[in-house]
Amino acid sequence: MSERVITSLTNDTVKGVRALHMRKERDLTGTFLAEGLKFIGEALDQGRAPRMLLVGEDARPHPLLDRAKAATLKAGGDIIVVTHAILEKISRRDNPQTVLGVFEQAYAALDSLNPASAPCWVALEQVRDPGNLGTIIRTADAAGCGGVILIGDCVDPYSVEAVRATMGSVFAVSITKTTPETFLTWRKRWPGSVVGTRLDAKVSHRSAVMQRPSLILMGNEQAGLTDDLASACDVNVKIPMRGRADSLNLAIATGIMVYAATDEA
Ligand code: SAM
């Protein structure tokens with residue numbers, strides 16, 4: 001509810017923000033770290049104000065920074081002015097962003113999703129790489145997908161690495177967590193096509209009929225899509241590969257699929 005200055009690297013608030021690199025702390029507090037004015041601008045555009053705004057003492061004046069400060073105070077958050085050394089320590093980077101925000105995590109409940117509100121949705125089974133997940137959230141946003149559903153034991157979408165890779169789309173895309181069992185029951189009510197992606201599929205992604213809204217299922221980076229989920233799909237497809245690579249990167253394959261599913265004729 002105030003603006004204050006912190007210069008000590010061992011200050012408890014600094015330690016608390018730094019601990020957001022750890023999943024345990026993020027889970028405990030329900031918060032995450034977003035770095036840079038671009039991210040904070042995306043959050044404000046989605047009506048999300050930071051719980052805490054950390055501003056480097058060397059931050060240049062900017063209208064967006066003024067907006068972020070006003071929104072933080074209005075929402076009852078804290079504005080903290082910190083040294084460059086503190087920003088480096090929190091970001092674990094030599095060239096940190098000069099503005100950081102601590103935000104509340106947001107998850108949409110599976111039953112609250114409205115499939116018809118978008119032409120395409122993405123479901124990921126046990127995605128493990130934070131860079132892949134962040135890139136998929138960014139790509140889902142760009143393609144106009146309704147949201148990303150995380151099935152089973154997935155990497156945290158609010159990890160610092162995943163959030164960085166979203167380039168701000170973490171605030172624009174709805175994120176849902178569920179178990180395989182709950183997903184399989186919920187999937188029975190899906191009004192369009194449920195499309196699995198498998199390397200052993202016989203149908204090419206271009207020739208498959210995808211009835212909107214399409215729900216695209218992507219598998220784990222190592223193991224691929226499990227038989228349980230693949231057999232619950234209306235169709236399983238393969239993106240043709242013409243060289244020696246035996247698979248595509250998960251985020252690239254997701255990009256190809258969501259654009260195929262949302263292409264206007
Ligand atoms: N060894 C794994 C396998 O056998 O499925 C490779 C997994 S691949 C790196 C990760 C995910 O990306 C797959 O589960 C699938 O969803 C998608 N994927 C990658 N290449 C694909 C392709 N050519 N066609 C369809 N999906 C693909």
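Visitor: How far apart are the mean positions of the positive and negative charges of the chain?
Guide: Keep in mind that we're looking at a predicted model. The chain carries 30 positive and 30 negative charges. Take the mean position of each set, and the gap between the two comes out at 1 Å.

Visitor: Which radius of gyration does the chain have, and why does it agree with a compact globule?
Guide: Start with the chain length, which is 265 residues. A compact globule with that many residues would have a radius of gyration near 18 Å. The chain agrees with that, because its own value is 20 Å.

Visitor: What does the C-alpha trace span along its principal axes?
Guide: Picture the chain, with its 10 helices and 12 strands, laid along its principal axes. The C-alpha trace then spans about 60 × 35 × 35 Å.

Visitor: How much of the chain counts as buried?
Guide: A residue needs under 20% relative accessible area to be called buried. Phe32 passes with 0%, and Tyr158 passes with 1%. Out of the 265 residues of the chain, the share that counts as buried is 50%.

Visitor: How many aromatic pairs does the structure hold, and what kind do Phe32 and Tyr158 form?
Guide: There are 8 aromatic pairs in the structure. For Phe32 and Tyr158, the ring centres are 4.5 Å apart and the planes sit at 40 degrees. Planes under 30 degrees apart would be stacked and over 60 edge-to-face, so this pair gets the remaining label: tilted.

Visitor: How many residues apart in sequence are the parts that Phe32 and Tyr158 tie together?
Guide: Phe32 belongs to strand β2 (residues 31–35). Tyr158 is found in the loop between β7 (147–151) and α7 (160–166). So the pair ties together parts whose separation in sequence is 126 residues.

Visitor: What kind of pair do the rings of Trp121 and Trp190 make?
Guide: Their centres are 6.3 Å apart. The planes meet at 85 degrees, so the pair is edge-to-face.

Visitor: Where do Trp121 and Trp190 lie, and are they buried or exposed?
Guide: Trp121 is in strand β6 (residues 120–125), while Trp190 is in the loop between α8 (180–187) and β9 (194–197). That means the pair ties together parts 69 residues apart in sequence. As for their surroundings, both Trp121 and Trp190 are buried.

Visitor: Which residues do ring pairs link into a cluster?
Guide: You've already met two of the members, Phe32 and Tyr158. The full cluster linked by ring pairs is Phe32, Phe103, Tyr107, Tyr158 and Phe171.

Methods
Residues are numbered from 1 along each chain as its sequence is written. This is a predicted model: local features need pLDDT of at least 70, side-chain atom pairs count only at pLDDT 80 or more; totals for chains, interfaces and linings use all residues. Side-chain values use heavy atoms; hydrogens and water are left out. Helices (H or I, at least four residues) and strands (E, at least two) are DSSP runs, numbered from the N terminus. The radius of gyration is taken over C-alpha atoms; the globule rule is 2.2 Å times the number of residues to the power 0.38. Buried means under 20% relative accessible area, exposed over 50%, partly exposed in between (1.4 Å probe, protein chains only). Lys and Arg count as positive and Asp and Glu as negative; His and the chain ends are not counted. The place of a charge is taken as NZ of Lys, CZ of Arg, CG of Asp or CD of Glu. Rings of Phe, Tyr and Trp (its six-membered ring) pair if their centres lie within 6.5 Å; planes under 30 degrees apart count as stacked, over 60 as edge-to-face and the rest as tilted.
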